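User: Please walk me through the packing in this model. Keep the answers short.

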Amino acid sequence: MATILDKIVASKRQEVEAARQKIPARELEARLGNAPAVRDFRAALERPGDIQIIAEVKKASPSAGVLRADFDPIAIARTYEKHGAACISVLTDARYFQGSLENLSAIRTAVQTPLLRKDFILDRHQLLEARLAGADAVLLIAEILDDEKLNELLKEAGELGLQALVELYDARNLSRVVDSGARLIGINNRDLRTFVTRLEHTLELVARVPSDCCLVSESGIRDRRDILRLKEAGVRAVLIGETLMRAPDIGKKLDELLGKNE
């Protein structure tokens, strides 16, 4: 039986092919000279001091539906920047997350904070789109990429000046992610096949991540206590979406997560 992730990937392959037919890669490549300058995504996560937060602009999800009715991506991104997010993740998948590349482009013009294109990246065409929209980094998901494709996309992202946050859920994928040369590694606490979330998933794998990697824990982080648990275990940064999107006051919640009131 097909999982939610299987359905998303099948849909994404069709979407990428349609995008390629609409605007061939050579046309996107011709525009690269006008692409925004790239900011250092990893450096922002490795600033001295506390654990850093990648705050996510995310209207909806397949498991939870619409997360925020009064969704204003630019206002949300500005709030994140004002309240100290190290980086901002922008969901660009339209069908399942109600995101768009247009949101990413608009946010790029509104903030100076480094941006991550969060999507289901399968093809170089999507890397070109990300670069032109103003992304500084892209998400690569080990569960949907074989070794050859992961290595290929990592290389192509680097050639375009993009950094790659390589994410895994299945513990069996950790060694192949490390072997790919990725040094910005995300552990997703949410199983994208079932959408079950466990914060402990990062804690169970953190000791196996090489010390020269910048480790990001993703999903299921709800309060300052969760962040402190992850920090103590050696996690360098966290990616938080739904907790912020559901907060009545996003800025106040981000302050709380960063421990500004301690």
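**Packing around a helix, a core and a strand**

User: Which strands and helices do the buried residues of H5 pack against?

Analyst: The model is predicted. The buried residues of H5 pack against elements on both sides of the helix in sequence order of the listing: strand E1 (52-57), helix H4 (73-82), strand E4 (87-91), strand E5 (115-118) and helix H6 (124-133).

User: Why are the buried residues of H5 (residues 101-110) on the same side?

Analyst: The buried residues are Asn103, Leu104, Ile107, Arg108 and Ala110. On the other side of H5, Glu102 and Thr109 are exposed. The buried set lies on the same side of H5 because its arc around the axis is only 165 degrees.

User: Is Glu56 of strand E1 buried or exposed?

Analyst: Glu56 belongs to strand E1. Its relative accessibility is 1%, and the cut-off is under 20%, so Glu56 counts as buried.

User: Which side chain makes a polar contact with the side chain of Glu56?

Analyst: Beyond four places in sequence, Glu56 is in contact with residues including Tyr80, Ser89, Lys118 and Met245. One of these contacts is polar, side chain to side chain, at 2.7 Å. The partner is Ser89.

User: Which strand gives the largest share of the largest nonpolar core?

Analyst: The largest nonpolar core has 87 residues. Those with the most contacts inside it are Leu45, Ile53, Tyr80, Leu140 and Val238. The largest share, 5 residues, comes from residues 137-141, strand E6.

User: Which leucines does Ile53 touch, leaving out residues up to four places away in sequence?

Analyst: Ile53 is among the residues with the most contacts inside the core. Its partners include Ala85, Cys87, Ile227 and Val238. The leucines are Leu254, Leu257 and Leu258.

Conventions
Residues numbered from 1 in each chain as written. Predicted model: local features only at pLDDT ≥ 70, side-chain atom pairs only at ≥ 80, totals over all residues. Heavy atoms only, no water. Core = buried A, V, L, I, M, F, W, Y, C linked by side-chain atoms within 4.5 Å. Buried < 20%, exposed > 50% of the residue type's maximum accessible area, 1.4 Å probe, protein only. Helix = DSSP H or I, 4+ residues; strand = E, 2+ residues; numbered from the N terminus. Contact = heavy atoms within 4.5 Å. Arc of directions from axis to C-beta. Polar contact = N/O pair within 3.5 Å; in protein donor to acceptor, adjacent residues only side chain to side chain.
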